[in-house]
Amino acid sequence: MFKYLLIGSLIFSYHGMAARSFNGGYAGVGLAYSYTKVDINNQTYKAKTPYFSMIGGWGRTDNKLYYGFEGTLDSDQFSKKKDGKKLTKKFGLSAGVRIGRVIQENFLPYFKLGIRWDRYTYKKALPDNQFTSWMAVPTVGVDAFVEDWFLIRSEVEYSIGFANAHATKVISRKPKTFLVRAGALLKF
């Protein structure tokens, strides 16, 4: 899937090879397909779901080397029911740094390393048990210009949980999420 998104990025942005700049800010949206897995009390909850992101960031280039930072607000549709218990992911916030290399003034392949905070609800009976998870988030992707003010993005992300807070049940395996995202960004 990632290679098709990358090929689409290359085709759509090929027609405008004028000098463009990745310097400055950007904001946009992303749509992803994700796979999430969590174990609570040795019960596995896993699902493939759509994933929506609002993205914003800033970056700078220096001799074709790009560096910047980015933040996202994520809304995942993860919800899984098993044996009368239900696990739901509410939302997530993430921040990270990006490093990349500008190619032909039009393409920016990059590596992003970030951290994400996700809020979950685990429901067996009322009241709900809510807990949070901190995750390390390595990402690879590419941004490509379509117009001077418009970018498209494709990326692959893997989130690895390393800490949980406020959990009243034993989380035997911290959350992990793998996703493939496509996005549209406005450059300013």
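Visitor: How many helices and strands does the secondary structure of the chain come to?
Guide: This is a predicted model. From the N terminus on, the elements run α-β-β-β-β-β-β-β-β-β. The count for the chain is one helix and nine strands.

Visitor: What percentage of the residues in the chain is buried?
Guide: Buried means under 20% relative accessible area. The chain has 188 residues, and the buried share of them is 45%.

Visitor: Is Thr72 buried or exposed?
Guide: Thr72 sits in strand E3, which spans residues 65–76. Its relative accessible area is 9%. The cut-off for buried is under 20%, so Thr72 is buried.

Visitor: Which side chain does the side chain of Thr72 join by a polar contact of 2.3 Å?
Guide: Thr72, in strand E3, has a side-chain polar contact with Asp74 at 3.4 Å. That is not the distance asked about. The contact of 2.3 Å links the side chain of Thr72 to that of Ser94.

Visitor: Is Lys90 buried, partly exposed or exposed?
Guide: Lys90 belongs to strand E5, residues 85–101. Its relative accessibility is 42%. Buried needs under 20% and exposed needs over 50%. The value of 42% lies in between, so Lys90 counts as partly exposed.

Visitor: Which residues gather with Lys90 in a patch of positive charge on the surface?
Guide: A residue needs over 30% relative accessible area to enter a patch. Lys90 has 42%. On the surface, Lys90 shares its patch of positive charge with Lys81, Lys86 and Lys123.

Key
Residues numbered from 1 in each chain as written. Predicted model: local features only at pLDDT ≥ 70, side-chain atom pairs only at ≥ 80, totals over all residues. Heavy atoms only, no water. Patch = residues over 30% accessible without salt bridge, like charges linked within 9 Å, V, L, I, M, F, W, Y side chains within 5 Å. Areas by Shrake-Rupley, 256 points an atom, 1.4 Å probe, with all protein chains shown as cover. Salt bridge = Lys/Arg side-chain N within 4 Å of Asp/Glu carboxyl O. Lys, Arg positive; Asp, Glu negative; His and termini not counted. Charge placed at Lys NZ, Arg CZ, Asp CG, Glu CD. Helix = DSSP H or I, 4+ residues; strand = E, 2+ residues; numbered from the N terminus. Buried < 20%, exposed > 50% of the residue type's maximum accessible area, 1.4 Å probe, protein only. Polar contact = N/O pair within 3.5 Å; in protein donor to acceptor, adjacent residues only side chain to side chain.
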